[in-house]
Amino acid sequence: MKIFKLFKKDNWIRPFLGKYHKSLLLALGLGFMTFFCGGALMFNSGYLISKSASHPENILLVYVPIVLTRAFGIGRPMFRYLERLTSHNWVLKLTSELRLKLYKVLEKDAVFFKNKYQTGDILGILSEDIDHIQNLYLRTIFPTVIAWILYVVLIIGLGFFSVWFALIMALLLFVQLGLFPLVAIIVNGAKQERQKVLKNELYTELTDNILGISDWIFSQRGREYLKYHKNIEADVQHINREIKKDNHYRDIGVQLMFGVIAIALLVWSSIHFPGNHGGSANWIAAFVLVIFPLIDAFSPLGAAAQEANIYQDSLRRLNNLSEGKSTVPKKQNAKLNSSSFVIEVDDLTFNYPNDNKKVLHKLSFQIDNQEKIAILGRSGSGKTTLAKLLRGDLIPSSGNLRLNGTEIADFGEKISDYVGVIHQTPYLFNTTISNNLRVGNEEANIDDLWDVLDRVGLKRMVENLPEGLETVVDEAGLRFSGGERHRLALARILLKDVPVVILDEPTVSLDPLTEQDLIETFMKELKDKTIIWITHHLQGLSAMDKIMFIEDGELKVQGSPANLAFNDKHYQKLLAIDHGDYIV
């Protein structure tokens, strides 16, 4: 099976097997003892029932089985409890190590996280793959190894009584251990793998589309997304029903096979232990009843085996995390000593891994020091991706993106010293206003904080709060209006004093008056900064030096607002719509 090949190359699970091998062996031993005690309990009980119905020659022939029955009866739940305790403790240690390793793998590329991974993919690994690795041991490896140990012990035990019957039982039990699991893999393995793929797709699509819900709303494609999501849900439910139906038929087959095994034991023991009213006939019930506790050991193997494809997919996804090349460049944390900053975009192309569609294709332009640029485009045109590239959150697939001749990707975390971003929904932390502002500059003193609040128009509002700068901001800053949150975000940028500021549609959810007031504040306070404004609104664009239109990942038009208003029909149409003069 492919899963064994994956295990040979695995660098996620195998390292921890040796680390906790004692607990692993103990769990397997306790699991074997659980079923051994169960079988021995029924064996003793069968013998005791038959023997008690006759006249024993010696009281010890009844007393010893009574004592053993009590011992095995107590031993079975005790070993079961210890086995569960040990196996789950072992698995929890393993999964905690996996989560820690996952964090370390992702942390290395934290700045460039979105270049390699989608949020939904990582959530899928955390919620699905690591849980499946946990089930790989609890529901597949442990039960399978224990069942095979029981199988060997049982066949060897029967061989002492009858070699030919031991061979027959070896064949019948092999059907349970080998044939049914194989059929389960063939019938349901592909379905379960498809089920997991659909679930991962749901995680990816649902997460990414919720994070980008505004794009769906603005493009008026909300119904389309809901229909798409419901179709995936329907596919998952259909596969679930198919798997349950196949499992039902498999369980019937397993029970019928155990019925055949019980009848075979009854026939063999009747022939091998003939007699009336005691004697060797007392062993018939003992041998027949011993098979019933073993049903619990053998019957789950089919369900466990058919999940092998799921585990295989999870192992592959985990190992791909560490096998992939790091997106962090060799050179990191470059520094600039300059008062003039120029951004050069040269033949820039970008597409996400495992996706041949180019989000951006061969863009070339230059942004001069303190130049004010507006980037327009429809939702999905690539303008937000360009903003992430300019911020260093993504690395170009090809081409160059430089700040003063140095690749932006080479700055690493130091890029925040040169490029700041104000998003659509600035995040405020559940701490004081002063702490929220000092995110921009930890060294800022009280005078600096009041000064920057005055510049962004929030000084009077904060002064009127019960505790002023020490007023605690609610989680996500919900006590503040959208405009106030954006002004606080601007205050952080001013405290940081970065030369380049990206405005990623910061006014999209504001009313027109608040929007215009905020734009005027941005332009006034950032007049000596380079501004890159990502937007699909035209309000305030007259204050920009240049406007660029991106469509389907390509730069279609660029020019000054006045030039475009005079010469470009598309921009003229947008202006007419914005002014309410356009007639469809």
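**Exercise 1.** Find how many residues the largest nonpolar core has, and which of them have the most contacts inside it.

*Solution.* The largest nonpolar core, a set of buried (under 20% relative accessible area, 1.4 Å probe, protein chains only) Ala, Val, Leu, Ile, Met, Phe, Trp, Tyr and Cys residues joined through side-chain atoms within 4.5 Å, has 52 residues, and those with the most contacts inside it are Tyr-137, Met-169, Ile-261 and Phe-298. The elements giving two or more residues to this core include α3, α6 (119–159) and α11, and α6 contributes the largest share, 11 residues. This is a predicted model, in which local features need pLDDT of at least 70 and side-chain atom pairs count only at pLDDT 80 or more, while totals for chains, interfaces and linings use all residues. Residues are numbered from 1 along each chain as its sequence is written, and side-chain values use heavy atoms, with hydrogens and water left out.

**Exercise 2.** Describe how helix α3 and helix α11 pack.

*Solution.* Helices here are DSSP runs of H or I with at least four residues, numbered from the N terminus. Helix α3 (residues 21–52) packs with helix α11 (residues 291–298) at an angle of about 160°, their axes lying 7 Å apart, where axes are lines fitted to C-alpha atoms over the stretch in contact and angles run from 0 to 180 degrees between N-to-C directions. That makes α3 roughly antiparallel to α11, a term for angles over 145 degrees. In contact (heavy atoms within 4.5 Å), Phe-35, Gly-38, Gly-39 and Met-42 of α3 meet Pro-293, Leu-294, Asp-296 and Ala-297 of α11.

Terms used. Angles under 35 degrees count as roughly parallel, over 145 as roughly antiparallel, 65 to 115 as roughly perpendicular and the rest as oblique. Buried means under 20% relative accessible area, exposed over 50%, partly exposed in between (1.4 Å probe, protein chains only).
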